[in-house]
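Grab a pencil and work through these exercises with the structure open beside you. Try each task before you read its solution.

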Amino acid sequence: MIVERIWTGNAYRNFNYLIACPETGEALAIDPLDHEKTLATARVKGWQITQVLNTHEHHDHTGGNAAVIAATGAKLIAHHKAGGRIAGVDRGVQAGDVIKVGKTVELECLDTPGHTLCHICLRSHTEQPALFSGDTLFNAGAGNVHNGGDVNALYATFAEQLARLPDNTQVYPGHDYIENNLRFTLDREPGNAAAKALLPSVADHDPANSVVTTLAQEKQFNSFMRLANPVLIATLRESFPDLPDEPDARTVFSKLRELRNAW
């Protein structure tokens with residue numbers, strides 16, 4: 001499996017992806033908003049885009065569909081309940097479905113509601129797994145729930161799915177927010193050594209060359225995966241004095257997301 005991360009350089013800080021089979025040159029485009037860069041990258045690599053997948057229905061993830069499909073004839077894949085929100089879906093997928101790319105690549109669909117209620121993440125069937133997490137999991141952060149989402153569903157996705165994936169899983173999110181997210185971590189947990197160590201390398205960095213983290217690393221510096229941390233809970237209580245003495249993880253997650261909304 002070959003992963004090509006495409007930095008769009010737009011105001012939304014989107015990442016687009018091409019996942020290619022090294023044997024056949026067939027490729028899957030994930031959320032190809034920047035259709036020009038996506039098509040140009042495939043052309044330079046000698047790949048044929050045969051499928052497009054949208055992780056969810058927001059325009060900054062679907063806006064390049066028409067141009068890519070017009071140029072390649074690719075089939076469009078999305079959440080099986082997203083057809084009314086995404087035009088021209090050829091295949092609706094649900095949890096456990098597998099997307100095959102060429103001869104060698106298999107990507108398992110995870111139904112990961114929260115950012116929206118029709119959100120798909122992809123997990124690769126490779127020796128070192130990769131997670132294409134859209135707007136669910138970011139480097140050092142979690143997606144918002146402003147536009148058709150639900151914070152309790154997002155918490156459940158983190159606790160019941162993402163946290164149980166292998167620690168060596170590489171994380172490929174839909175946007176580059178890592179610097180701001182690490183600063184949020186350090187605001188919540190000032191002594192977080194992993195966040196302190198990583199921040200200088202991503203401050204004012206070129207996102208085209210940004211670090212690819214693993215879930216093991218995320219569990220060290222992603223506040224939304226550190227819900228039992230006593231320092232984090234103590235600083236959270238400064239903003240929410242009515243927080244219980246021993247708040248449950250769902251409450252901590254929800255309050256963190258509320259604070260991050262205004263960060």
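**Exercise 1: two helices that meet**

Task: Find which residues of helix 8 meet which residues of helix 9, then describe how the two helices pack.

Solution: Start with the contacts. From helix 8, look at L232, I233, L236 and S239; they meet V252, K255, L256 and L259 in helix 9. By the way, you're looking at a predicted model.

Next, the geometry. The axes of helix 8 and helix 9 are 11 Å apart, and the helices pack at an angle of about 60°. That makes helix 8 oblique to helix 9, because angles of 65 to 115 degrees would count as roughly perpendicular and those under 35 as roughly parallel. Last step, the handedness: the crossing of helix 8 past helix 9 is left-handed.

**Exercise 2: the largest nonpolar core**

Task: Work out which residues of the largest nonpolar core touch the most other members.

Solution: This core has 26 residues, and the ones touching the most other members are L131, L137, F158, F224, V252, F253 and L256. Now ask where core residues come from. Helix 4 (151-160), helix 8 (230-239) and helix 9 (249-261) each give at least two. Helix 4 has the largest share, with four residues.

Then zoom in on L137. Skipping neighbours within four places in sequence, L137 is in contact with L131, F158, L162, V171, P173, L215, N222 and M225. There's also a second, separate core of 20 residues, with I19, V93, I99 and V101 among them. As a general rule, nonpolar side chains in soluble globular proteins tend to be buried together.

**Exercise 3: the six-stranded sheet**

Task: Trace the open sheet of six strands and say which strands sit at its edges.

Solution: Follow the order 1-2-3-4-5-6, where the pairing is mixed. The edges are strand 1 (2-7) and strand 6 (91-93), each pairing on one side only. On average, neighbouring strands here are turned by 25° against each other, direction ignored.

Pick one pair to check: strand 3 (residues 26-30) and strand 4 (residues 48-53) run parallel, joined by five bridges. I30 has L53 in strand 4 as its bridge partner.

Now add the helices. Helix 1 (residues 35-45) lies across strand 1, strand 2 (15-20), strand 3 and strand 4, at about 140° to strand 1. Helix 3 lies across strand 4 and strand 5 (75-79), running at about 150° to strand 4.

**Exercise 4: the five-stranded sheet**

Task: Do the same for the open sheet of five strands, and find its edges.

Solution: The order is 7-8-9-10-13, again with mixed pairing. Strand 7 (98-101) and strand 13 (170-173) each have a single partner strand, so one side of each has no neighbour in the sheet. Inside the sheet, strand 9 (residues 120-124) and strand 10 (residues 130-134) pair in the antiparallel sense over two bridges. L122 has F132 in strand 10 as its bridge partner.

**Exercise 5: T62 and G63**

Task: Decide for T62 and then G63: buried, partly exposed or exposed?

Solution: T62 lies in helix 2 (residues 59-62). Its relative accessible area is 16%, so T62 is buried, since the cut-off is under 20%. Beyond neighbours within four places in sequence, T62 is in contact with N54, H56, E57 and I86.

G63 lies in the loop between helix 2 and helix 3 (65-72). With 35% relative accessibility, G63 counts as partly exposed. Finally, check G63 against L33: they're 30 residues apart in sequence, yet 5.1 Å apart in space, C-alpha to C-alpha.

Technical notes: Residues numbered from 1 in each chain as written. Predicted model: local features only at pLDDT ≥ 70, side-chain atom pairs only at ≥ 80, totals over all residues. Heavy atoms only, no water. Core = buried A, V, L, I, M, F, W, Y, C linked by side-chain atoms within 4.5 Å. Buried < 20%, exposed > 50% of the residue type's maximum accessible area, 1.4 Å probe, protein only. Contact = heavy atoms within 4.5 Å. Pairing = 2+ DSSP bridges. Axes fitted to C-alpha atoms, helices over the stretch in contact; angles between N-to-C directions. Parallel < 35°, antiparallel > 145°, perpendicular 65-115°, else oblique. Left-handed = near helix turned anticlockwise from the far one by under 90°.
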